Amino acid sequence: MSHKILSGSQAPEPTLDQPLYTPIKRRSFFMYAGATAGATALVLAGCSKDDNNMPGMVNVGSSDVGVLNYAYALEQLEADFYTKVRMGSYYTALAPNSAEKQIFDDLYYHEVIHRDFLRAAITGANATPIKALDTVYPAGTFNSRTTVLATAKAFEDLGVAAYNGAGQYISTPLYLYIAGKIVSVEARHAAIIRDLVTEGSFVGNDVITLTTPNKAAGDTNYAPANSSLERSMTPSEVVAIANTFLAEGSKLDVSGLR
Amino acid sequence: MNFFQIISEIEKVDPEVYDRLDSRRSIFKNMAGLGQKLTAAAIPLAVGAIFNKAYAQTPVGAGVNDVLNFALKLEYLESYFYNARTAVTGLSAANTSALNLIATDEANHVSFLRAVLQGNAIAPPAVTGVFDFTAGGRFNPADATTYLALAQSLEDTGVRAYKGAAPLVMTNKTVLTAALNIHSVEARHASQLRAMRRAGINSSAPSQGVAVAPYSGLTGAPKSWISGTDGGGPIPAANAVRGFSTAGIYGAGNNTNAPATITFAAEDNVIQGGVTLSATTLTATAGFPAAAYSEAFDEGLDVGTVAAIANNFSVSGTYFN
């Protein structure tokens with residue numbers, strides 16, 4: 001966050017990284033500079049959640065439309081992925097009536113429908129959809145069963161965690177209901193993809209609270225071990241993963257969702 | 001802006017911020033992670049207290065409690081149903097271990113909802129005499145094929161129930177998020193059971209079954225998602241057993257008391273938020289099979305319709321009322 005903010009009108013604080021003329025212990029430096037540095041840190045910390053225009057990033061916006069655009073962004077990523085799966089050598093070598101071909105065809109149909117439905121819904125709400133996002137994948141992703149399935153698993157589990165975590169930011173009952181209609185289909189996808197990776201892994205402690213809690217007791221939306229709740233993720237947790245598959249200029253800024 | 005976020009941001013620059021704020025740094029850290037260091041023995045009590053605090057932040061109104069207790073009743077039904085899996089014969093090891101996983105999840109959901117509801121939770125039903133998985137002598141749930149068909153029916157019903165109820169609890173964000181986090185787990189289960197039915201009771205590779213239209217019937221091979229109305233599901237209306245069919249599980253709900261703007265449509269619905277899904281409205285979908293438009297969206301059900309479905313497995317016929 002801070003380097004982009006600092007590159008604006010404010011001069012960077014060189015003292016944070018560079019040695020002073022007289023070397024002093026880190027702790028005592030802060031005792032001397034405490035007032036100034038502390039105040040700057042406070043300003044930056046405050047900005048990180050209020051800054052709605054990170055340069056070069058795609059801001060999904062706020063409130064219900066922000067959630068819809070956030071969902072639209074993730075569906076763009078999924079739809080793009082399955083479109084490319086169907087052009088890759090793993091898919092093209094599948095037998096015509098194989099289970100895996102059936103599954104990847106359906107996943108492609110469903111995700112493209114989700115993507116284009118959300119764009120239509122955002123337009124229908126008299127709002128502006130975010131732009132078409134550019135994606136990036138590690139070389140060779142689409143040529144091996146292992147990497148296709150691993151990426152599909154990551155995207156489907158991420159989608160479920162993202163919708164579940166964003167439900168609380170929706171204020172219109174109909175939008176919440178529609179998000180619910182999509183997320184359960186994503187969960188159905190996630191379960192079968194996980195089974196293609198490893199039979200019987202449709203649930204597991206990595207995605208639901210089986211043997212460990214989701215976070216520290218007392219935190220918001222805490223679920224203890226042995227509760228079997230999906231490990232939903234906040235928008236910022238989700239884009240930390242999603243942005244690794246998005247090109248420069250297409251990375252998501254979700255600071256408006258809260 | 002949030003106090004702990006500010007402290008945490010400062011900590012990245014100044015690792016000793018906690019000392020600066022308070023020499024007893026552990027107090028500040030533990031305010032954000034209450035209970036991290038409690039002993040195992042103390043956890044159940046602490047968890048209760050934490051739930052009480054977290055879930056009471058927004059007042060849990062009578063309506064929310066009612067919804068949670070209805071969910072608890074459904075979880076009791078599912079949990080008891082999976083406890084009965086030990087009588088089932090003829091399942092592969094892969095299918096047996098999948099049922100074990102699902103049984104654990106449902107028992108966990110019961111515990112979780114009871115912890116959230118605390119003293120308001122409906123007491124666990126007696127092990128015998130409350131639920132009847134033969135549905136009045138119609139089925140033999142010890143038969144593996146029948147058992148998996150009933151399991152899929154219960155899971156698909158559960159997914160529709162949680163989805164339909166979500167708007168009823170949206171005023172309490174904590175309860176809403178918990179409900180959503182159960183909803184998707186039920187959907188994972190439904191997907192798994194459909195895969196198991198597709199590949200067969202003896203299969204050691206449930207993911208490798210091939211779906212066969214119209215996806216209906218006791219020995220049908222459904223997709224992992226609901227296609228149209230799945231031809232009425234495992235027990236379509238044409239094959240109803242003394243009036244019992246699973247067609248209602250995939251049919252439309254009752255909209256009399258539906259929240260404003262929400263319609264409990266059948267699973268073959270293709271109108272979402274006023275948009276009729278087709279290659280005309282979504283031009284990138286030209287050439288897609290017609291079934292894909294309804295498969296891409298699950299549908300919710302109202303409490304009354306879910307109760308009527310679930311009451312088929314209630315000895316009194318009224319447990320879910």
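Here are three short exercises on a predicted model with chains A and B.

**Exercise 1. The layout of chain B**

Task: Work out how many helices and strands chain B has and where the strands fall along the sequence.

Solution: Start by counting: chain B holds 10 helices and 2 strands. Next, read along the sequence, where the pattern is α-α-α-α-α-α-α-α-β-β-α-α. Now turn to packing: 47% of the 321 residues of chain B count as buried. Finally, look at contacts with a separation of 6 or more: in chain B, 62% of them come from residues 24 or more positions apart.

**Exercise 2. A closer look at one helix**

Task: Compare the reach of helix α8 of chain B with its expected span, and decide whether this helix is mostly covered or uncovered.

Solution: First find the helix, which covers residues 173-199 and so has 27 residues. The expected span uses 1.5 Å times one less than the number of residues, giving 39 Å. From first C-alpha to last, α8(B) reaches 39 Å, close to that expectation. Then check burial, for which a residue needs 20 or more other C-beta atoms within 10 Å of its own. By this test, 26 of the 27 residues of α8(B) are buried, making the helix mostly covered. Step just past its end and you meet G200(B), with a positive phi of about 105°.

**Exercise 3. Where the chains meet**

Task: Find how many residues each chain brings to the contact, and which helix of chain A gives the most.

Solution: Chain A brings 65 residues and chain B brings 81. On the chain A side, α2, α5, α6 and α7 each supply at least two residues. The most come from α7(A), with 18 residues. Sorted by class, the chain A side has 36 nonpolar, 20 polar and 9 charged residues.

Key. Residues are numbered from 1 along each chain as its sequence is written. Chains are lettered from A and ligands numbered from 1 in the order in which they are written. This is a predicted model: local features need pLDDT of at least 70, side-chain atom pairs count only at pLDDT 80 or more; totals for chains, interfaces and linings use all residues. Two residues are in contact if their C-beta atoms, placed from the backbone, lie within 7 Å. Helices (H or I, at least four residues) and strands (E, at least two) are DSSP runs, numbered from the N terminus. Ala, Val, Leu, Ile, Met, Phe, Trp, Tyr, Cys and Pro count as nonpolar, Asp, Glu, Lys and Arg as charged, and the others, Gly among them, as polar. A residue is buried if 20 or more other C-beta atoms lie within 10 Å of its own, exposed if 12 or fewer, and partly exposed in between; C-beta atoms are placed from the backbone.
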